[in-house]
Amino acid sequence: MFSQDQITRSTDYDALSCRLSCHLKGYLIDKYLEKEISGIIRFKLLSIESEFKRLSVKRQLSKQFFGLVDPKGGLKVSSRLPVVLKSPVINRGTWIRTRSIDLVIDQWLGENATSKVQLVILGSGNDTRGFRLLEKHPNLSLIEIDFEETCRIKKYSILNEIALKTVVDAKENQIPDTHEAFINSSASLSTPRYHLIPLDLRQLSSVSQLPSLDPALPTLVLTECCVCYMEDNESNRVLQFFRENLQSGVLVMYDPIGGDSSANYGQIMLQNLSMRGIQMPSLLKYSTIEKQHDRLRELGFSLTNVSDLSFVYTHWIDQPELVSINRLELLDELEELSLINKHYCLLVSSWGTSWRLAFPSQI
Ligand SMILES: C[S@@+](CC[C@H](N)C(=O)[O-])C[C@H]1O[C@@H](n2cnc3c(N)ncnc32)[C@H](O)[C@@H]1O
């Protein structure tokens with residue numbers, strides 16, 4: 001039996017395989033993604049002693065990552081793409097999710113290019129966005145928070161993949177000698193600009209739990225499909241924690257919505273989640289962009305932008321970029337894409353700063 005937290009953690013792999021599919025199809029270029037996934041595969045296989053169990057885990061990983069698992073461990077991508085990747089509609093949805101958040105962060109970092117700033121990613125999982133940003137922005141320091149086991153795997157990938165180790169500037173002597181020593185060592189990693197913090201966010205109550213956080217620095221807090229897995233009082237406490245403890249900040253929140261809609265899609269989302277044992281309380285409680293808007297306003301945030309992803313898709317992306325995306329693969333299901341995109345929202349809000357997002361808001 002898996003615990004509820006294990007089930008929640010596993011959603012990280014869904015996000016990763018969607019991104020890998022997008023990367024392989026050319027929607028997103030991410031030079032760190034294959035390295036990160038290779039590290040995960042190696043870690044998962046190394047920690048299993050039984051040959052039988054190893055085969056079964058290899059099969060599972062292979063299914064998750066499109067049959068690209070190297071028999072010797074790691075990810076093996078050749079010039080011939082696997083026949084089965086994610087469907088065009090899923091690729092397009094993953095692309096707009098990643099691209100829209102990139103647009104917000106790029107604007108914020110662009111306008112803070114000469115000062116020291118920090119990015120805090122809640123439930124960062126094995127996402128590689130932070131690595132790409134560290135590489136591009138020398139004034140940025142990055143704090144990533146997730147459950148302990150997820151951080152341990154990410155730490156393993158970072159320390160065992162030279163490109164990842166270099167981008168976070170980790171030192172050689174941070175690698176434990178043996179796999180067993182690694183499993184028994186701390187899951188945290190700290191370098192001058194990068195901090196990986198193992199923590200159940202529901203337990204966050206004091207800044208002393210985040211020693212690398214500088215409350216005086218301009219900060220962007222990103223939660224991308226993370227707080228939706230918590231009960232609403234827990235997630236609201238997490239959001240409020242950052243608003244209360246940082247002098248100024250921008251919150252970027254990407255979450256599913258629409259669980260209470262009588263429309264089929266909302267019902268299907270709920271059914272799919274419950275079949276996998278995934279709990280997502282906010283899907284019902286904050287089911288519309290208006291409810292999400294009111295939620296953040298009640299928590300003391302000033303809202304600058306509240307939109308669903310269908311709005312973002314049509315109003316934020318330049319025509320030439322859309323044309324080049326449309327060339328990547330044929331997409332017949334435009335109505336389906338719009339319906340899916342209407343079930344995700346992006347909220348950008350701030351406190352202690354006059355910073356405003358330059359893109360249009362739906363409400
Ligand atoms: C769907 S994944 C998204 C990962 C990443 N943000 C992305 O978009 O690729 C959700 C992540 O949130 C993390 N998470 C959920 N609840 C958490 C909690 N209470 N404390 C720390 N991490 C949590 C999970 O472990 C998982 O890595």
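This report looks at helix α4, the annotated binding-site residues and Leu337 in a predicted model.

**Helix α4**

Helix α4 covers residues 88-111. Its length fits expectation: at 1.5 Å a residue, 24 residues should span 34 Å, and the end C-alpha atoms of α4 lie 34 Å apart. The helix is mostly covered, with 18 of its 24 residues buried.

Asp102 sits in α4. Its relative accessibility is 14%, so Asp102 counts as buried, the cut-off being under 20%. Beyond residues up to four places away in sequence, Asp102 touches two arginines, Arg129 and Arg132. Helix α5 spans 129-136.

**The annotated binding site**

Which residues does the UniProt annotation "binding site" cover? The unreviewed entry lists Arg97, Gly123, Asp200, Leu201 and Glu224. They spread over 128 residues of sequence, and they are spread in space too, with up to 24.5 Å between C-alpha atoms. From this set, Leu201 is part of the lining of the largest cavity.

Arg97 belongs to helix α4. Setting aside neighbours within four places in sequence, Arg97 contacts Ala15, Arg19, Glu224, Cys225, Tyr254 and Leu309. Glu224 also carries the "binding site" annotation in the UniProt entry.

Gly123 lies in a loop, between β1 (117-122) and α5 (129-136). Outside its neighbours within four places in sequence, Gly123 is in contact with Ile145, Asp146, Leu201 and Cys226. Leu201, too, is covered by the annotation.

**Leu337 and its contacts**

Leu337 is placed in helix α15, residues 334-341. Is Leu337 buried or exposed? Its relative accessible area is 3%, under the 20% limit, so Leu337 is buried. Leaving out neighbours within four places in sequence, its contacts are Val89, Arg92, Gly93, Tyr313 and Leu331. Among them, Val89, Arg92 and Gly93 fall within α4, residues 88-111. The C-alpha atoms of Leu337 and Ile90 are 8.0 Å apart, although 247 residues separate the two along the chain.

**Exposure at a glance**

The table sets out four residues by relative accessibility.

| Residue | Relative accessibility | Class |
|---|---|---|
| Leu337 | 3% | buried |
| Asp102 | 14% | buried |
| Arg97 | 15% | buried |
| Gly123 | 22% | partly exposed |

Two of these residues, Arg97 and Gly123, are in the annotated set. Arg97 is buried at 15%, whereas Gly123 is partly exposed at 22%.

Methods: Residues are numbered from 1 along each chain as its sequence is written. This is a predicted model: local features need pLDDT of at least 70, side-chain atom pairs count only at pLDDT 80 or more; totals for chains, interfaces and linings use all residues. Side-chain values use heavy atoms; hydrogens and water are left out. Helices (H or I, at least four residues) and strands (E, at least two) are DSSP runs, numbered from the N terminus. Buried means under 20% relative accessible area, exposed over 50%, partly exposed in between (1.4 Å probe, protein chains only). Contact means heavy atoms within 4.5 Å. The expected span of a helix is 1.5 Å times one less than its number of residues. UniProt positions are given in the numbering used here, feature names are shortened, and annotations may be inferred rather than shown by experiment. On a 1 Å grid over the protein atoms alone, a cavity is a set of points where a 1.4 Å probe fits but cannot get out, and a pocket is an open set with protein on both sides within 12 Å along at least five of seven lines; lining residues have an atom within 4 Å of a point.
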